[in-house]
Amino acid sequence: MEKLCERLGYTFKNETLMMTALTHPSYGSDHRVPHYQRLEFLGDAVLELAVSRYLFDTLPDVDEGKLTRIRSILVREETLARAAKRIDLGRFIRLSVGEERSGGRQKASILADIIEALLAAVYLDDGFDRAVTIVGDLLGPEVAAAIEDRPDAKSALQELLQRNGDMPVYELLKTEGPPHAPRFTYCVRVRDEKVGEGVGTSKQSAQQAAAKDALKRMGALS
């Protein structure tokens, strides 16, 4: 675990917190040890506030609307999973044999959950300021890209529709593929009318694809 601490830039005083954060429920159930779900619950809130504080401190000239948009990008499952893969977090997770065989070490949902659990563990071990520092180290590389990014497709579609008092509704059409490599198909509806459809390897990416398709059909995206 010393290698993971090096990559996080933090050494835990209470190593039990770290081990719990790295323990998948499947392993916890098999071995009757605590797993990360309670820490994940806390970590979700820690992540939101720590990212907000990090952006507030490091981007003093960025307005509230853009800060909100950047934050929404940073707390997504895909972004957290990308940060997790950059430090090779998957190799440190404690998984059941079945979850291991199904590709659990590379599942975006598991990696994102463990990032949240680790942030909660850091918060409990050394306080909020340390959690903000870890957020900056983990997600700093994503911030520059997020600043330059246009609004994501879902946000852009919602902003466009809200001008007429409408809201998009996303509907799961089907799920295909094996558990370790699922493919989701979503459509987006406005006033019960289907305006776009998309496919992705996560529910979020499929919804983004559906929103992008809708924007193209509306002539709002080239």
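This passage walks through a predicted model of one protein chain, from its overall build down to a few individual residues.

Starting with the big picture, the protein chain is built from eleven helices and three strands. Going along the sequence, these elements come in the order α-α-α-α-α-α-α-α-α-α-β-β-β-α. In other words, ten α symbols are written before the run of β-β-β, and an α closes the pattern. The C-alpha atoms of the chain fit into a box of roughly 55 × 45 × 25 Å, with the sides laid along the principal axes. How does the radius of gyration sit with what a compact globule would have? For 222 residues, such a globule would come out near 17 Å, and the protein chain has 19 Å, which agrees.

What about the inside and the outside? Of the 222 residues in the protein chain, 44% are buried. The surface that the chain exposes adds up to about 12000 Å², and carbon and sulfur atoms supply 48% of that area. Contacts also reach across the sequence: taking those between residues at least 6 apart, 55% join residues that are at least 24 apart. As for charge, the chain carries 31 positive and 34 negative charges, and the mean positions of these two groups lie 5 Å from each other.

Those charges bring us to the salt bridges, and the count for the model comes to 15. One of them pairs Arg 7 with Asp 88, where the closest N and O atoms are 3.9 Å apart. That distance counts because the cut-off for a salt bridge is within 4 Å. This pair ties together distant parts of the chain: Arg 7 belongs to helix 1 (residues 2–8), Asp 88 sits in the loop between helix 6 (77–86) and helix 7 (97–101), and 81 residues separate them. Are the two partners buried or exposed? Arg 7 is partly exposed, with a relative accessible area of 35%, and Asp 88 is partly exposed too, at 33%. Both values fall in the middle class because buried means under 20% and exposed means over 50%. Asp 88 has another feature to look for, namely a phi angle near 55 degrees, which is a positive value in a residue other than glycine.

Another salt bridge brings the side chains of Glu 100 and Arg 105 together, with 2.8 Å from N to O. Glu 100 is partly exposed at 36% relative accessibility, and Arg 105 is partly exposed at 22%. Further along the chain, Glu 176 and Lys 174 meet in a salt bridge as well, this time with an N to O distance of 3.8 Å. Here Glu 176 has a relative accessible area of 37% and is partly exposed, while Lys 174, at 42%, is also partly exposed. Salt bridges can share partners as well, and in this model such sharing joins Lys 13, Asp 126 and Arg 130 into one network.

A few single residues round out the picture. Arg 32 is found in the loop between helix 3 (25–31) and helix 4 (37–58). Its phi angle is near 55 degrees, again a positive value in a residue other than glycine. With a relative accessible area of 80%, Arg 32 is exposed.

Ser 202 gives a contrasting case, being buried with a relative accessible area of 8%. This serine is placed in the loop between strand 3 (193–200) and helix 11 (203–217). What does Ser 202 touch, leaving aside its neighbours within four places in sequence? The contacts are Glu 77, Glu 78 and Phe 184.

Helix 11, at the other end of that loop, holds Leu 215. Leu 215 counts as buried, with a relative accessibility of 5%. From C-alpha to C-alpha, Leu 215 lies 9.0 Å from Leu 160 in space, although the two are 55 residues apart in sequence.

Terms used:
Residues are numbered from 1 along each chain as its sequence is written. This is a predicted model: local features need pLDDT of at least 70, side-chain atom pairs count only at pLDDT 80 or more; totals for chains, interfaces and linings use all residues. Side-chain values use heavy atoms; hydrogens and water are left out. Helices (H or I, at least four residues) and strands (E, at least two) are DSSP runs, numbered from the N terminus. Buried means under 20% relative accessible area, exposed over 50%, partly exposed in between (1.4 Å probe, protein chains only). The radius of gyration is taken over C-alpha atoms; the globule rule is 2.2 Å times the number of residues to the power 0.38. Contact means heavy atoms within 4.5 Å. Accessible areas come from the Shrake-Rupley method with a 1.4 Å probe; for residues, only the protein chains shown count as cover. Lys and Arg count as positive and Asp and Glu as negative; His and the chain ends are not counted. The place of a charge is taken as NZ of Lys, CZ of Arg, CG of Asp or CD of Glu.
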